[in-house]
Amino acid sequence: MIKRLDETLKRYEELIEKLSTEEVIKNIEQMKELSKEKAALEEIVLVYKKYKEILKQKKENEELLNDMELVELAREELNLLEEKEKNLRNELEKLLIPKEENDSKNIIMEIRGAAGGDEANIFAGDLFEMYSKFAVNEGYQVEVINSVACQAGGYSQIEFIVKGKNAYLKLKYENGAHRVQRVPATESQGRVHTSTATVVVLPEREDKQIEIKENDLKIDVYRSGGAGGQSVNTTDSAVRITHLPTGIVVTCQNERSQLKNKEKAMQILTSKIIEEKEREQEQKYGQLRKTKIGTGDRSEKIRTYNYPQNRITDHQINLTLMHLDRIMAGGLGELINELVNEDVRRKLAGE
């Protein structure tokens with residue numbers, strides 16, 4: 001690892017030197033390319049410099065162990081430095097793992113009420129609130145694209161975009177079936193029911209990644225309805241696009257403008273088509289993307305939310321936490337960090 005870090009540091013210093021030369025300054029394209037490479041190495045270099053400084057301080061404190069007057073102070077300082085060294089080393093290991101192409105991208109999320117009728121739809125709404133609050137904590141933006149609200153509460157389906165740095169990196173592990181165990185508001189005898197909602201997470205893709213032929217699309221326009229549609233339902237602004245070769249259907253009704261709804265629907269359709277093609281390739285060659293801890297299948301149960309015991313269990317990494325209330329209030333960060341750390345561990349181990 002140290003050898004790789006030294007090479008990275010050397011390359012970073014070379015880039016700084018090149019970027020200051022007159023030849024590069026005059027060449028805008030080369031300037032952009034080298035600046036991009038420098039920016040990609042910057043975080044690793046900054047952490048490595050901190051790591052080297054800690055090692056230097058450790059060595060100095062080890063020499064003080066021979067001084068009887070300073071030995072106790074040196075030992076205390078060494079304990080602190082060793083903890084910092086461990087944390088920085090873990091951080092460097094993560095940074096050295098090649099970043100997945102989609103990790104930095106915005107995401108498209110879809111939540112659907114599954115088994116459990118009204119309670120499943122209410123739970124789908126609770127999950128949407130959880131992700132929305134987490135997004136606010138992270139400084140992300142949430143933009144609802146389409147929703148089908150239910151009379152009892154929640155949604156039978158809601159699709160939204162989460163915009164922000166590393167949104168896909170942090171939320172890609174949410175893909176799958178989420179199970180809730182609690183007493184529904186409609187339950188008169190206080191019995192605990194089990195219901196499920198499914199979550200799909202897709203990285204936002206660019207149109208240039210795939211060609212979609214106009215002849216392959218069936219486009220319908222209609223009046224928006226349901227929650228959020230009251231202010232726009234006087235015109236045919238909602239758009240439904242069906243991709244005939246794959247059967248994928250995308251609906252967007254959140255904007256007042258039909259044109260904007262069509263643009264967003266196409267954006268989501270592009271992401272879904274690319275995801276479907278990649279999934280087909282995986283199945284064909286029996287491979288699983290390294291970005292997934294689990295299979296990424298919508299039917300795979302990834303998490304259980306037990307309200308009576310205030311307990312949440314993530315089945316992907318066999319982790320149980322006893323503060324479900326905090327997580328549902330948007331405190332998803334602890335669980336996500338554990339998922340990211342386990343993914344890093346498996347990649348480092350070559351699993």
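How many residues does helix H9 have, and how far does helix H9 reach from its first C-alpha to its last? In this predicted model, helix H9 covers residues 333–348 and has 16 residues, and the distance from its first C-alpha to its last is 22 Å, close to the 22 Å expected at 1.5 Å a residue. The buried residues of this helix are Leu335, Ile336, Leu339, Val340, Glu342, Asp343 and Val344. The cover over these buried residues includes three helices, namely H4 (71–96), H5 (118–138) and H6 (167–171), together with the strands S9 (301–306), S10 (311–314) and S11 (319–321).

The protein as a whole provides the setting for this helix. Its secondary structure comes to nine helices and eleven strands, and 42% of its 351 residues count as buried. Among the contacts in the protein with a separation of 6 or more, 61% are accounted for by residues that lie 24 or more positions apart.

Helix H4, which is part of the cover of H9, also packs with helix H3 (residues 28–63), at an angle of about 155° and with the two axes 9 Å apart. Because angles over 145 degrees count as roughly antiparallel, H3 and H4 are therefore described as roughly antiparallel to each other. Their crossing is left-handed. On the side of H3, the contact is made by Glu43, Ile44, Val47, Tyr48, Lys50, Tyr51, Ile54, Leu55, Gln57, Lys58, Asn61 and Glu62, while H4 contributes Ala74, Glu77, Leu78, Leu81, Glu82, Lys84, Glu85, Leu88, Arg89, Glu91, Leu92 and Leu95. When these residues are sorted by class, the contact of H3 with H4 has twelve nonpolar, two polar and ten charged residues.

Helix H3 packs with helix H1 (residues 2–19) as well, here at an angle of about 135° and with the axes 8 Å apart. This angle makes H1 oblique to H3, and the crossing of H1 and H3 is left-handed. The residues of the contact of H1 with H3 divide into 14 nonpolar, two polar and eight charged.

Two asparagines in loops were examined next. Asparagine 310 is found in the loop between S9 and S10, and it has a positive phi of about 55° although it is not a glycine. Asparagine 318, in the loop between S10 and S11, likewise has a positive phi of about 55° without being a glycine. As for accessibility, asparagine 310 has a relative accessible area of 24% and is therefore partly exposed, whereas asparagine 318, with a relative accessible area of 70%, is exposed. The strands that border these loops, S9, S10 and S11, are included in what covers the buried residues of H9.

A further loop residue is glutamate 214, which is found between strand S5 (193–203) and strand S6 (217–222). Because its relative accessible area is 55%, glutamate 214 is exposed. When residues up to four places away in sequence are not counted, glutamate 214 touches Ile219 and Lys262. The C-alpha atoms of glutamate 214 and histidine 243 are separated by 9.4 Å, although these two residues are 29 residues apart along the chain.

Technical notes
Residues numbered from 1 in each chain as written. Predicted model: local features only at pLDDT ≥ 70, side-chain atom pairs only at ≥ 80, totals over all residues. Heavy atoms only, no water. Helix = DSSP H or I, 4+ residues; strand = E, 2+ residues; numbered from the N terminus. Expected span 1.5 Å × (residues − 1). Buried < 20%, exposed > 50% of the residue type's maximum accessible area, 1.4 Å probe, protein only. Contact = heavy atoms within 4.5 Å. Axes fitted to C-alpha atoms, helices over the stretch in contact; angles between N-to-C directions. Parallel < 35°, antiparallel > 145°, perpendicular 65-115°, else oblique. Left-handed = near helix turned anticlockwise from the far one by under 90°. Nonpolar A, V, L, I, M, F, W, Y, C, P; charged D, E, K, R; others polar.
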